[in-house]
Amino acid sequence: MINLETPKKFRAFVGQANQVASEFLRANSRKYDLAEHAYPKELDLLASLVDGMGDSGQGQGAGAAGVRRSEEEDDKGAVKNGTNMSSVLSVIEMCWGDVGLLLSMPRQGLGNSAIASVATDEQLERFKDTWAAMAITEPSFGSDSAAIKTTAVKDGDAYVLNGEKIFVTSGERADSVVVWASLDRSLGRAAIKSFVVPKSLPGIRVERLEHKLGIRSSDTAVIVLEDCRVPAENLLGNPEIDTNQGFAGAMATFDNTRPLVAGMAVGCARASLELTRTLLEDAGVDIDYDRPLAAQSHAAATFIQMEADWEAALLLTLEAAWLADNRKPNSVEASMSKAKAGRVGNEITLKCVELAGTLGYGETELLEKWSRDSKILDIFEGTQQIQQLIVARRLLELSSSQLR
């Protein structure tokens, strides 16, 4: 049986993460929402603290960089339950503070999660100090990663990359970018690989920064690659094209990163629920868990229903992380958690704005900001519709060509 309570060994760490979220992230939330594209200098100290926690073993997986299917075992042969769970728990607390600032933390990018998920041991060591953005989406497609047009052509001891990537989170601030590209477009999905591309290389540039609805403290960039020569050893994982495996190798990254995004939605929604409860109670609304919903006010009944949806999203997210830590297939659960948390998180934050009335819509409280921030969490790392399609294919045992 899977125990979905927070493991005892992580409880002190979760408490520390909550304190950091309160004192660093929440405290600067409005400041950097208003100052879009300004670099949050306060995060340099925070990143150093997170690095120190990771190095000391107190915060294994702190932030977003710690996801990996570890094969480490204890002296009894049991797999240690660790990095994915601690990463998700950390992300939940950090996004209770602020989603955009969490996404802006040095060395905690989604590209770092991709490296941790599929890199070889040698690559892990070589890229351990890298702050990596992740570049998948292109102007010609959104959630269909198999439609990638960016190419990587082998030339001696390097690959030459050409293409354009959009919606790259931390694309300007990060020092490298994990770029998804095709080695041979005629071979379809199987030829798609990911490359760690340092931004110091000639041929890669930031074309522009986007202005956004939410997560305004996080920079979102357009990246262009023109004859960019990337060392061959920067191809993550196995360079061979396995047409039998198909797209599974590249997509394995999402099995670890989607629970992280689900955790972001869970954390943001929890912040909204906690503040809304306080505002409702201050207004005299009695939330009574011992009475039927029909016997309570609309506001109280709505709040209790939102809490139930939130807990379902939380449990799905923790289950996906638990499975990854214990080397069990979690692709369906990862997509389920992302779909549930992304949708529920957005619904909860918007409903909290509605329940709070003028306080919810104004800038005196952060409810309106959280409703804006939460929208992206239902979109990136695969939209709601894509997640539902993935789950349906797995449950019905149909291929992507059979169920579109």
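In the predicted model, S170 is in contact with L103, S104, W131, A133, S218 and D219, when its neighbours within four places in sequence are left aside. S170 is located in the loop between strands β3 (158-169) and β4 (176-182). Because its relative accessibility is 2%, this serine counts as buried; the limit for that class is under 20% relative accessible area. A polar atom of the S170 side chain lies 3.0 Å from the backbone oxygen of L103, and L103 is thus present both in the list of contacts and in this polar pair.

The chain that holds this loop has 12 helices and 7 strands. Of its 404 residues, 55% are buried. Among contacts between residues at least 6 apart in sequence, 74% join residues at least 24 apart. The exposed area of the chain is about 17500 Å², of which carbon and sulfur atoms supply 51%.

Helix α5, spanning residues 110-118, is largely enclosed by the rest of the structure, because 8 of its 9 residues are buried. The buried residues of α5 are L110, G111, N112, S113, A114, I115, A116 and S117.

Helix α6 comprises residues 121-126, and two of its residues, Q123 and R126, were examined individually. Q123 has a relative accessible area of 3% and is therefore buried. With neighbours within four places in sequence left aside, Q123 is in contact with E233, N234, L235, L236 and G237. The side chain of Q123 also reaches the backbone nitrogen of G237, at 3.3 Å.

R126, by contrast, counts as partly exposed, because its relative accessibility is 32%, a value that falls between the limits of 20% and 50%. Outside its neighbours within four places in sequence, R126 is in contact with E233 and N234; both of these residues also appear among the contacts of Q123. R126 and N234 are separated by 108 residues in sequence, while their C-alpha atoms are 9.7 Å apart in space. Two polar contacts involve the R126 side chain. One joins it to the side chain of E122 at 2.7 Å, and in the other it reaches the backbone oxygen of E233 at 2.9 Å. An α-helix has 3.6 residues a turn, so residues three or four places apart point the same way.

A further element of the fold is the packing of helix α9 (residues 331-356) with helix α12 (residues 384-396). The two helices pack at an angle of about 145 degrees, and their axes are 9 Å apart. The crossing of α9 and α12 is left-handed. On the α9 side, the contact is made by S331, V332, S335, M336, K338, A339 and R343. The residues contributed by α12 are Q384, Q387, I390, V391, R394 and L395. By class, the contact of α9 with α12 has 6 nonpolar, 4 polar and 3 charged residues.

Key. Residues numbered from 1 in each chain as written. Predicted model: local features only at pLDDT ≥ 70, side-chain atom pairs only at ≥ 80, totals over all residues. Heavy atoms only, no water. Helix = DSSP H or I, 4+ residues; strand = E, 2+ residues; numbered from the N terminus. Buried < 20%, exposed > 50% of the residue type's maximum accessible area, 1.4 Å probe, protein only. Contact = heavy atoms within 4.5 Å. Areas by Shrake-Rupley, 256 points an atom, 1.4 Å probe, with all protein chains shown as cover. Axes fitted to C-alpha atoms, helices over the stretch in contact; angles between N-to-C directions. Left-handed = near helix turned anticlockwise from the far one by under 90°. Nonpolar A, V, L, I, M, F, W, Y, C, P; charged D, E, K, R; others polar. Polar contact = N/O pair within 3.5 Å; in protein donor to acceptor, adjacent residues only side chain to side chain.
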